[in-house]
Amino acid sequence: LSLRKMAEPLTPLPMDYVYGVVCLVCFLLGTILNTLSLSYFLRKPRHLSTLVYLTISSTDILICLLAGPVAVSYLSARQPGVFRSTVVCQVWGLLWNGFARLSVFLVAVLSISRTFSLKYPFRRVSKRLILALIAGYVVLQAVQSTIPYWFGVSYRYYDTHMQCQWFYEDIPLFVTSHTARAVYSSLMWLELTLPVLPS
C-alpha cells in the first residue's frame with residue numbers, strides 16, 4: 001500500500017474523541033508530572049543516572065507539549081488547527097520526529113546501563129561513553145529529521161494521524177534510487193541498534 005494512499009484524508013471517526021482526550025491528558029497531566037520530575041532531579045548530584053533522568057524528563061516534557069496540537073485536531077473533526085501555520089508545522093514535525101525517538105532511546109540506554117551494573121557490579125559504566133552515545137544519537141536524529149529539507153520538501157499536515165509528516169515518496173531520488181533508499185533505511189536501523197552498543 002502506497003504511503004501516499006495511507007495519508008489520504010479520512011472522515012472523522014468516533015474513536016477520534018477518545019484519542020483526543022488521551023492526547024489532552026498527556027498534554028496536561030504529562031507536562032505537570034514531568035516538570036515535577038525534572039525539578040526533583042535538578043536538586044540531585046550530577047551522577048550518570050541523574051543526568052539521564054534529567055534528559056528523559058526534559059524530553060518527555062517537550063513530547064507532552066507537542067501532544068497538545070494533536071489533541072486539538074482529534075477533538076475538532078481532524079481540522080489542522082495550529083498546523084495551518086507553515087512555521088508551526090515545520091517546527092512541530094522536526095521536534096516530534098527527533099524527540100519522540102530520543103525518549104525511547106534514553107530509556108533503552110538507562111535500562112542497559114542498569115543491567116550492565118547489575119551483571120558486572122565491580123565495573124563502572126563509562127559516563128563519557130554514555131554521554132557521547134546520547135550526543136551522537138541527537139546528531140543522528142537531527143540528520144534524519146532534516147532530510148526532507150535537503151531535497152526541497154517540507155513537513156505537511158496529514159489528517160490520517162493528525163500531525164505534520166513527510167514520506168520518502170515525496171523525494172523523487174528515494175523513489176528512483178535503490179541506493180538512496182538503502183542509505184535512509186540504514187539510518188533508521190542505526191537508530192534502533194545504537195542503544196545496545198555500550199553492552
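**Exercise 1. The disulfide**

Task: Decide whether C89 is buried or exposed, then find its bonding partner.

Solution:
- Step 1. C89 has a relative accessible area of 3%. Buried means under 20%, so C89 is buried.
- Step 2. This is a predicted model. The structure holds 1 disulfide.
- Step 3. That disulfide joins C89 to C164, with an S to S distance of 2.0 Å. The cut-off for a disulfide is 2.5 Å.
- Step 4. The angle about the S-S bond is -125°, and the link of C89 and C164 is left-handed.
- Step 5. Now place the two ends. C89 lies in helix 4 (residues 86-119), and C164 lies in strand 2 (residues 163-165). They are 75 residues apart, so the pair links distant parts of the chain.
- Step 6. C164 is buried too, with a relative accessible area of 3%.

**Exercise 2. Two other cysteines**

Task: Explain why C23 has no bond to the closest cysteine sulfur, then examine C64.

Solution:
- Step 1. The closest cysteine sulfur to that of C23 belongs to C26, 6.2 Å away. A disulfide needs sulfur atoms within 2.5 Å. The sulfur of C26 is therefore too far from C23 for a bond.
- Step 2. C23 is buried, at 15% relative accessibility.
- Step 3. For C64, the nearest cysteine sulfur is that of C26, 6.1 Å away. C64 is in no disulfide.
- Step 4. C64 has a relative accessible area of 10%, so C64 is buried.

**Exercise 3. Helix 3 against helix 5**

Task: Describe how helix 3 and helix 5 pack, and sort the residues of their contact.

Solution:
- Step 1. Helix 3 covers residues 48-75, and helix 5 covers residues 127-150. Their axes are 10 Å apart, at an angle of about 15°.
- Step 2. Angles under 35 degrees count as roughly parallel. Helix 3 and helix 5 are therefore roughly parallel to each other.
- Step 3. The crossing of helix 3 with helix 5 is right-handed.
- Step 4. Helix 3 makes the contact with L48, L51 and V52; helix 5 uses K127, I130, L131 and I134.
- Step 5. Sorted by type, this contact has 6 nonpolar residues, no polar ones and 1 charged.

**Exercise 4. Positive phi in a loop**

Task: Give the phi of A77 and of R78, then state how accessible A77 and R78 are.

Solution:
- Step 1. A77 is not a glycine, yet its phi is positive, about 55°. R78 is not a glycine either, and its phi is about 65°.
- Step 2. A77 sits in the loop between helix 3 and helix 4. R78 is found in the loop between helix 3 and helix 4.
- Step 3. A77 has a relative accessible area of 34%, so A77 is partly exposed.
- Step 4. R78 has 6% relative accessibility and counts as buried.

Definitions and conventions: Residues numbered from 1 in each chain as written. Predicted model: local features only at pLDDT ≥ 70, side-chain atom pairs only at ≥ 80, totals over all residues. Heavy atoms only, no water. Axes fitted to C-alpha atoms, helices over the stretch in contact; angles between N-to-C directions. Helix = DSSP H or I, 4+ residues; strand = E, 2+ residues; numbered from the N terminus. Parallel < 35°, antiparallel > 145°, perpendicular 65-115°, else oblique. Left-handed = near helix turned anticlockwise from the far one by under 90°. Contact = heavy atoms within 4.5 Å. Nonpolar A, V, L, I, M, F, W, Y, C, P; charged D, E, K, R; others polar. Buried < 20%, exposed > 50% of the residue type's maximum accessible area, 1.4 Å probe, protein only.
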